[in-house]
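Biologist: Before we discuss any assignments, could you put the structure up, so that each label can be set against the rule behind it?

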Amino acid sequence: MLGGLLAGNAAQAQTTQGTRVLGLSGGDFTFQSNDFSKRFSGTVIPSVGVFVADNLAVGAALQLGYSSFQLKSLSNFRNNSLAIGLLPWLRYYLPSESRHRLFGELSAGGVYNRSRAREDSFPNERISSDINFLAKAGLGYSYFITPAVGLEGLLSYQRTGGDRNTFGGGALGLNLGFRIYLPTN
């Protein structure tokens, strides 16, 4: 019984005030290939943060995304896109003594997008770039495999917009990753 109480206190300690957190997650990975086209896309998101109160963390994430599309035809159309974003986030863990923790997360920031399209039949290529606003709200689950490492999944809804006055399209996403919790003592 004493071991169970100590394990419960260790599980709670990951989300106490002053604990620093490092994370890495990824999502939206796609690979598709057939006789007519080939497509690849994916996103990785490293993040850092600190618990400003018990169960409440703030931080920032660097969102890195890449996509490639090739249409196999006489013109051999290819399009490559790169997205780099900085997203401050706020995360709240529901209080629990268990290794299983539920949390909610909000994040918002800017994302720089650059796209390059070209065809073999046309000598020129089209390059475009813009900065979009991105906002996310999600619910997640973290399983602490050790007192300092948690595996997690985050299901979120995101909205993107091309300017400050309107939001663009919405999407549902699933990211999987891990976090390392570094207590101050």
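Modeller: Here it is, and since this is a predicted model, every value that follows is computed from its atoms. I would begin with the charged end of Arg-91, which sits over the ring of Phe-103 at 3.7 Å from its centre.

Biologist: What makes the charged end of Arg-91 count as sitting over the ring of Phe-103?

Modeller: The rule asks for CZ of Arg within 6 Å of the ring centre and within 35 degrees of the ring normal; the distance for Arg-91 and Phe-103 is 3.7 Å, so the distance part of the rule is met. The charged end of Arg-179 is likewise placed over a ring, that of Trp-89, with 4.9 Å to the ring centre.

Biologist: Why is the contact between Glu-105 and Arg-91 called a salt bridge?

Modeller: In general, side chains of opposite charge can pair when their charged atoms come close. The cut-off is 4 Å between a side-chain nitrogen of Lys or Arg and a carboxyl oxygen of Asp or Glu, and the closest N and O atoms of Glu-105 and Arg-91 are 2.6 Å apart, so the pair qualifies as a salt bridge. Because Glu-105 belongs to strand β5 (residues 100-119) and Arg-91 to strand β4, this salt bridge ties together parts that are 14 residues apart in sequence.

Biologist: How do you know that Glu-105 and Arg-91 are buried?

Modeller: Buried means a relative accessible area under 20%; Glu-105 has 12% and Arg-91 has 1%, so each of them falls on the buried side of that limit.

Biologist: Which other salt bridges involve Glu-152?

Modeller: Glu-152 meets Arg-91 in a salt bridge with an N to O distance of 3.0 Å, and this pair links distant parts of the chain, with Glu-152 in strand β7 (residues 149-161) and Arg-91 in strand β4, 61 residues apart. Glu-152 also forms a salt bridge with Arg-179, where the closest N and O atoms are 3.2 Å apart; as Arg-179 lies in strand β8 and Glu-152 in strand β7, parts 27 residues apart in sequence are tied together. With relative accessibilities of 10% for Glu-152 and 6% for Arg-179, both residues count as buried.

Biologist: What links these charged residues into a network?

Modeller: Salt bridges link Arg-91, Glu-105, Glu-152 and Arg-179 into a network, and the structure as a whole holds five salt bridges.

Biologist: How many aromatic pairs are there, and why is the pair of Phe-144 and Tyr-181 called tilted?

Modeller: A search of the whole structure finds six aromatic pairs. One of them joins Phe-51 and Tyr-181, a tilted pair with 6.3 Å from centre to centre and 35 degrees between the planes; Phe-51 is in strand β2 and Tyr-181 in strand β8, 130 residues apart. For Phe-144 and Tyr-181 the ring centres are 5.1 Å apart, within the 6.5 Å limit, and the planes meet at 55 degrees, which is neither under 30 nor over 60, so the pair is tilted. Phe-144 lies in strand β6 (residues 122-146) and Tyr-181 in strand β8, so this pair ties together parts 37 residues apart in sequence. Both Phe-144 and Tyr-181 are buried, and ring pairs link Phe-51, Tyr-93, Phe-103, Phe-144 and Tyr-181 into a cluster.

Biologist: Which residues make up the largest nonpolar core?

Modeller: The core has eleven residues in all, among them Val-21, Ile-45, Phe-51, Ala-57, Trp-89, Leu-154 and Tyr-181. The elements giving two or more residues to this core are β2 (37-53), β3 (56-71) and β4 (77-93). Leaving aside neighbours within four places in sequence, Ala-57 is in contact with residues including Phe-51, Trp-89 and Arg-91.

Biologist: Why is Asn-175 called buried?

Modeller: Asn-175 has a relative accessible area of 11%, which is under the 20% limit, and therefore it counts as buried. Asn-175 lies in strand β8 (residues 170-182), and its contacts beyond four places in sequence include Ile-45, Glu-152 and Leu-154.

Biologist: What does the chain consist of as a whole?

Modeller: The secondary structure comes to one helix and eight strands, and buried residues make up 35% of the 185 residues.

Notes. Residues are numbered from 1 along each chain as its sequence is written. This is a predicted model: local features need pLDDT of at least 70, side-chain atom pairs count only at pLDDT 80 or more; totals for chains, interfaces and linings use all residues. Side-chain values use heavy atoms; hydrogens and water are left out. Helices (H or I, at least four residues) and strands (E, at least two) are DSSP runs, numbered from the N terminus. Buried means under 20% relative accessible area, exposed over 50%, partly exposed in between (1.4 Å probe, protein chains only). Contact means heavy atoms within 4.5 Å. A nonpolar core is a set of buried Ala, Val, Leu, Ile, Met, Phe, Trp, Tyr and Cys residues joined through side-chain atoms within 4.5 Å.
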